[in-house]
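Subject: Structure handover

Hi,

Here is the structure I promised to pass on. My notes follow below it.

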Amino acid sequence: LMEVKMSSMAFTVSTRFPDDDWRTRSPASSHNRCLYCRQGRLFRVRSARMAENSPRENASYAEWLPLAHELADAAGVVIRQYFRSPSLDLDLKSDQSPVTVADREAERVMRAILMDRAPSHGILGEELGCSDTDLDLDQREWVWVLDPIDGTKAFLSGKPTFGTLIALVHRGVPVLGVIDQAVLHERWVGYKGGSTTLNGQPVRVRRIDNNTLESERLLPFIYVHATHPSMFQGSEADWEKFRNLERNCRQSIFGSDCYAYALLASGCIDLVVEADLKPWDFLALSPVVENAGGVFTDWNGQGISLKSDGRVIAAASQQIHEESIQYLRDGD
């Protein structure tokens, strides 16, 4: 072990401890906060100030912003060291989707921070699952939902369209969301009752209306974005719905992963439609889009929650949303 002093805080650095220790050690009694993993070593940080700096359990949504930033910062350190690494190991999960050591380590560092800073909160992550298998997360007051690398295929290809997604869910509904592009150093943050920012500066969706285009309908002028056609093809009905929407839009564009939603919040694009998503794929996106002035629902026009079915639509305006959802809604 090695002791160092920094800004009046004592740090203890140790080598990697067993993976099982992440799941079995008591967060209430632990004072260890993981900063980052690097080349097979896990670095832990011990700080006596940590508990007193944590938000109160009844804090407003904005009071959780520093913790959300801390999670994104920690994940970003891991992600940047592995990006475009020719020696990066790749595994396939049971659904044949790719996963890397970067995915797993980035999620572990975020979980370690949450176990110390918000020990009573639930955690749901793409790579390591649920923090409490004996309790329905939908019944937890606070749950953090983590996707360390949304767009692993893009990450493996060296394309900076992937992102770290962090959502804070309150009573089943997302109230705070982060889309962090660690390589480009771009971070979108939105929270209920506030606004959406990109690196601290407010952003808004762009406005296209009938007067601007001199047309009753907007869809013929709109590009619809999605990650890949295969996400719709698991259901023949969903594929046909998307194809109908696509035929009524100007054109479809594929390949942006979560980055498309960030661009929509910044006023660069106007419509994203996707299906076959998991909670960690979409919960962080809703606060970012909605608090930038956009609309984010499922295909039936219902608000997003932990129980949503993974078919989502994000639109820059209510009119674009209404015109689009007529092709997506069940029973239509």
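Salt bridges come first. The whole structure holds 12 of them. Please keep in mind that this is a predicted model.

One of these salt bridges joins Glu-70 and Arg-117, with the closest N and O atoms 2.5 Å apart. The two residues are 47 apart along the chain, Glu-70 in helix α3 (residues 65–82) and Arg-117 in helix α4 (residues 101–117). Glu-70 is buried, at 17% relative accessible area. Arg-117 is buried too, at 10%.

Asp-180 and Arg-187 form another salt bridge, and here the closest N and O atoms are 2.7 Å apart. Asp-180 has a relative accessible area of 4%, under the 20% cut-off, so it counts as buried. Arg-187 is buried as well, at 15%.

Next, Asp-270 and Arg-206 meet through their side chains in a salt bridge of 2.8 Å, N to O. Asp-270 sits in the loop between α8 (259–265) and β17 (271–274), and Arg-206 sits in the loop between β14 (201–202) and α6 (210–213), so their pairing ties together parts 64 residues apart in sequence. Is each partner buried or partly exposed? Asp-270 is buried, at 5% relative accessibility. Arg-206 is partly exposed, at 35% relative accessible area.

There is also a network of salt bridges. It links Asp-238, Lys-241, Asp-309, Arg-311 and Asp-330.

Now the strands. Take β12 (residues 186–191): five of its six residues are buried, so the rest of the structure largely encloses this strand. Strand β11 (residues 173–181) runs antiparallel to β12, and six bridges join them. Gly-177 stands opposite Gly-190 in that pairing. The two strands make a hairpin with four residues between them, and His-185 in the turn has a positive phi of about 55 degrees.

Strand β13 (residues 196–198) also pairs with β12, antiparallel, over three bridges. Val-189 faces Thr-197 there. This hairpin too has four residues between its strands, and Gly-193 takes a positive phi near 85 degrees.

A parallel pair comes further along. Strands β15 (residues 223–226) and β16 (residues 251–254) are joined that way by four bridges. The route from β15 to β16 passes through helix α7 (residues 236–248), and this β-α-β crossover is right-handed. Within the pair, His-225 stands opposite Ile-253.

Look at Ala-226 while you are there. It belongs to strand β15. Ala-226 has a relative accessible area of 4%, so it is buried. What does Ala-226 contact, beyond its neighbours within four places in sequence? The partners are Met-231, Phe-232, Ile-253, Phe-254, Gly-255, Ser-256, Val-273 and Glu-274. The C-alpha atoms of Ala-226 and Glu-274 are 5.7 Å apart, although 48 residues separate the two along the chain.

Some overall figures. The protein has 11 helices and 19 strands. Of its 332 residues, 55% are buried. Among contacts between residues at least 6 apart in sequence, 63% join residues at least 24 apart. The exposed area is about 15,100 Å², with 48% of it from carbon and sulfur atoms.

Last, confidence. The mean pLDDT is 82, and 77% of the residues reach 70 or more. Over residues 1–53, pLDDT stays under 50, and the model has 98 contacts beyond four places in sequence for that stretch. Where pLDDT is low, the predicted coordinates should not be read in detail.

Best wishes

Technical notes:
Residues are numbered from 1 along each chain as its sequence is written. This is a predicted model: local features need pLDDT of at least 70, side-chain atom pairs count only at pLDDT 80 or more; totals for chains, interfaces and linings use all residues. Side-chain values use heavy atoms; hydrogens and water are left out. Two strands pair if DSSP finds at least two bridges between them. A crossover is right-handed if, with the strands pointing away from the viewer, the path from the first strand over the helix to the second runs clockwise. pLDDT is the predictor's confidence in each residue, from 0 to 100. Contact means heavy atoms within 4.5 Å. Buried means under 20% relative accessible area, exposed over 50%, partly exposed in between (1.4 Å probe, protein chains only). Accessible areas come from the Shrake-Rupley method with a 1.4 Å probe; for residues, only the protein chains shown count as cover. A salt bridge is a side-chain nitrogen of Lys or Arg within 4 Å of a carboxyl oxygen of Asp or Glu.
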